[in-house]
Amino acid sequence: MVHNDKKALLQITGLVKWFPIKKWFFEKKEYVKAVDDVEFEVYEGETFGIAGESGCGKSTLLRTVLRLIEPTKGKIVYDGVDITHMGKKELRKIRRHMQIVFQDPYSALDGRMKVGKIIEEPMIISKLYPNKAARMAHVVELMEQVGLDPSYIDRYPHEFSGGQRQRIVIARALATKPQLLVCDEAVSALDVSVRAQVLNLLADLQDELKLTYLFISHDLSVIEHICDRVAIMYLGKVVEIGTKEDIFNDPQHPYTKALLSAIPKVGKRDRSDRIILEGDIPSPVNPPAGCRFHTRCPYATEQCKSAPPVVDFGNGHKVACHLCAGTNK
């Protein structure tokens with residue numbers, strides 16, 4: 001599929017991931033409905049962001065897309081190939097093109113391995129280079145690309161700062177020359193100044209290497225800075241999807257508006273425009289029927305207890321909401 005002359009590198013259709021809860025054999029089996037009927041596409045060369053509160057299913061969605069955990073239902077198509085039920089051997093060949101940058105650079109690296117070996121390991125697994133000399137030459141190149149001194153090649157992870165460790169994680173992810181880089185809260189564990197440096201590094205690498213990013217964060221300022229299109233998730237569902245401009249300048253779903261109103265504004269003490277949501281997030285084991293946000297939505301009516309229609313505002317801006325469809329007016 002092509003969008004604005006760009007091919008869809010990743011297509012997600014009806015993706016579901018439920019985790020069973022162990023119960024006594026005579027009790028009804030229950031599930032944590034972490035991801036429930038999610039659909040979106042990621043186009044070549046873009047940065048597609050996924051935002052939402054903690055616990056909304058963002059990280060589970062990414063891990064399911066990469067088949068790090070198996071989907072319950074749905075379809076995952078990468079570069080025109082259906083990988084949903086692909087076997088491990090075939091999947092390994094595809095995986096070199098889809099790499100992940102984890103949230104915590106401290107736990108993402110093996111403290112017993114030297115940095116050069118950490119970056120080299122994916123090349124060995126993918127059998128990309130004929131010998132060690134060729135692999136190490138590429139390790140040096142990658143370290144320079146991410147802003148690390150190649151003389152650090154024989155150091156251990158504990159000898160680096162948090163920002164440097166995340167650069168090592170990025171270098172390792174780039175070792176197999178991927179097309180798609182999946183970033184799971186890739187800068188949330190870093191200091192603000194270091195966070196900006198790593199975001200700028202990711203932007204530079206995207207231009208240089210023609211990368212496509214699938215980027216998740218609970219920090220909307222990060223999403224606004226780096227993403228081209230954004231999906232807003234709530235309790236396992238995508239409630240709104242659109243370009244960065246649509247989401248930040250013309251939000252339609254009440255939940256999106258509430259999220260955006262919570263962004264701190266420098267020098268502004270009057271926060272009368274902030275939308276305070278009442279109540280707690282419902283349990284993903286027993287989510288509300290219909291629109292999952294209706295138990296906290298200030299505009300909810302009885303109709304919101306039924307499944308909301310998906311309203312298309314054009315230019316790919318879609319919202320799942322009865323209010324936006326005009327049926328609540």
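The exercises below work through the fold, the salt bridges, the charged patches and two loop residues of this protein.

The model is predicted, so local features need pLDDT of at least 70 and side-chain atom pairs count only at pLDDT 80 or more, while totals for chains, interfaces and linings use all residues. Residues are numbered from 1 along each chain as its sequence is written, and side-chain values use heavy atoms, with hydrogens and water left out.

**Exercise 1. Describe the overall build of the protein.**

Step one is to take the secondary structure, which comes to 10 helices and 13 strands, where helices (H or I, at least four residues) and strands (E, at least two) are DSSP runs numbered from the N terminus. Next, the radius of gyration is 21 Å, close to the 20 Å that the globule rule gives for 329 residues, so the protein is as compact as a globular protein of that length. That radius is taken over C-alpha atoms, and the globule rule is 2.2 Å times the number of residues to the power 0.38. Finally, the C-alpha trace spans about 70 × 55 × 45 Å along its principal axes, and buried residues make up 48% of the 329 residues. Here buried means under 20% relative accessible area, exposed over 50%, and partly exposed in between (1.4 Å probe, protein chains only).

**Exercise 2. Trace the salt bridges of Glu46 and Glu120.**

Begin with the rule: a salt bridge is a side-chain nitrogen of Lys or Arg within 4 Å of a carboxyl oxygen of Asp or Glu, and by this rule the count comes to 13. One of them joins the side chains of Glu46 and Arg229 at 2.8 Å, N to O. This pair links distant parts of the chain, since Glu46 sits in the loop between strand 3 (30–43) and strand 4 (47–51) and Arg229 in strand 10 (residues 229–234), 183 residues apart. Both Glu46 and Arg229 are buried.

Turn then to Glu120, whose side chain meets that of Lys132 in a salt bridge of 3.2 Å, N to O. Lys132 lies in helix 4 and Glu120 in helix 3 (residues 115–126), so the pair ties together parts that are 12 residues apart in sequence. Glu120 is buried, with a relative accessible area of 1%, whereas Lys132 is partly exposed at 45%. As a last step, widen the view to the network of salt bridges that links Lys117, Glu120, Lys132 and Arg135.

**Exercise 3. Locate the charged surface patches.**

Patches of charge are made of residues with over 30% relative accessible area and no salt bridge, like charges being joined within 9 Å. The negative patch gathers Glu141, Glu144, Asp149, Asp204, Asp207 and Glu208, and the elements giving two or more residues to this patch are helix 4 (132–145) and helix 6. Helix 6 gives the most, with three residues. Glu141, found in helix 4, is partly exposed, with a relative accessible area of 42%.

The positive patch is formed by Lys89, Arg92, Lys93 and Lys127. Within this group, Arg92 is found in helix 2 (residues 88–95) and counts as exposed at 56% relative accessibility.

**Exercise 4. Examine the positive phi values of Lys210 and Asn315.**

First, phi of Lys210 is near 55 degrees, a positive value in a residue other than glycine. Lys210 lies in the loop between helix 6 (192–209) and strand 9 (212–217) and is exposed, with a relative accessible area of 67%.

Second, phi of Asn315 is near 60 degrees, again positive in a residue other than glycine. Asn315 lies in the loop between strand 12 (310–312) and strand 13 (318–320), and its relative accessible area of 56% makes this residue exposed.

Notes
Patches are made of residues with over 30% relative accessible area and no salt bridge: like charges are joined within 9 Å, nonpolar side chains (Val, Leu, Ile, Met, Phe, Trp, Tyr) within 5 Å. Accessible areas come from the Shrake-Rupley method with a 1.4 Å probe; for residues, only the protein chains shown count as cover. Lys and Arg count as positive and Asp and Glu as negative; His and the chain ends are not counted. The place of a charge is taken as NZ of Lys, CZ of Arg, CG of Asp or CD of Glu.
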